[in-house]
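Grab a pencil and work through these exercises with the model open beside you. Try each task before reading its solution.

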Amino acid sequence: MEIGLIIAALAFCGVSVYCFCKANFCACTRAGECDNPVNHYWLGAIVCALVALVCCCSALHSENGTLLWLLLMVSCFSGALLSAKQSTKKHCNKAITKKPLKPTDALLTNEPN
């Protein structure tokens, strides 16, 4: 029973971090366009984090459950951060290898391409 609750807590921590990242992505890239999904993602992140906390506290009681919940949340956020850094690095490497269609100086002057 306790192991099942801990596994459920880990799953809810992962969903909470996913919702948090989706809410931030949506708020940063499409500001004003997706107010409702941002609210839903924020609500999902908070509710999943609370459910994970309840699962951890039910499995290991208050003190140890809270510590486990903090460990799970930090682990999930660390994984998301590492994934975002790797994704950004790959995206930047692809952008560097592509050649621009027009030189940037040609836009400022009336020179032909």
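**Exercise 1: the fold**

How many helices and how many strands does the secondary structure of the protein chain come to? Work out the order along the sequence as well.

*Solution.* Keep in mind that this is a predicted model. Start with the count: there are three helices and zero strands. Next, read along the sequence, and the pattern comes out as α-α-α. Then put residue ranges on the helices: α1 covers residues 2-29, α2 runs over 35-97, and α3 takes in residues 104-108.

**Exercise 2: confidence**

Find which element has the lowest mean pLDDT and which has the highest.

*Solution.* Begin with the chain as a whole: its mean pLDDT is 81, with 73% of residues at 70 or more. Now go element by element. Helix α3 sits at the bottom with a mean of 55, while α1 comes out on top at 89.

**Exercise 3: the annotated spans**

Take the residues that UniProt lists as "transmembrane region" and describe their secondary structure in the model.

*Solution.* First, get the ranges: the unreviewed UniProt entry gives residues 41-60 and 67-84. Second, check residues 41-60: that span is 100% helix, and its end C-alpha atoms are 28 Å apart. Third, do likewise for residues 67-84, where you again get 100% helix and 0% strand, with 26 Å between the end C-alpha atoms.

**Exercise 4: the nonpolar core**

Identify the helices that supply the largest nonpolar core, then follow the contacts of one core residue, alanine 9.

*Solution.* The core has 14 residues, and those with the most contacts inside it include Ala9, Cys56 and Leu72. Both α1 and α2 put in at least two residues each. The largest share, 10 residues, belongs to α2. Now zoom in on alanine 9: skipping neighbours within four places in sequence, this residue contacts Ala52, Cys55, Cys56 and Leu72.

**Exercise 5: serine 16**

Is serine 16 buried or exposed? List its contacts too.

*Solution.* Locate the residue first: serine 16 is in helix α1. Its relative accessible area is 4%, and buried means under 20%, so serine 16 counts as buried. Across the chain of 113 residues, 22% count as buried. For the contacts, set aside residues up to four places away in sequence; serine 16 then touches Ala45, Cys48, Ala49 and Met73.

**Exercise 6: the whole chain**

Sum up the contacts and surface of the protein chain.

*Solution.* Take contacts with a separation of 6 or more: 61% of them join residues 24 or more positions apart. For the surface, about 8500 Å² is exposed, and carbon and sulfur atoms supply 67% of that area.

Definitions and conventions
Residues numbered from 1 in each chain as written. Predicted model: local features only at pLDDT ≥ 70, side-chain atom pairs only at ≥ 80, totals over all residues. Heavy atoms only, no water. Helix = DSSP H or I, 4+ residues; strand = E, 2+ residues; numbered from the N terminus. Buried < 20%, exposed > 50% of the residue type's maximum accessible area, 1.4 Å probe, protein only. Contact = heavy atoms within 4.5 Å. pLDDT = per-residue confidence, 0-100. UniProt positions renumbered as here; feature names shortened; annotations may be inferred. Core = buried A, V, L, I, M, F, W, Y, C linked by side-chain atoms within 4.5 Å. Areas by Shrake-Rupley, 256 points an atom, 1.4 Å probe, with all protein chains shown as cover.
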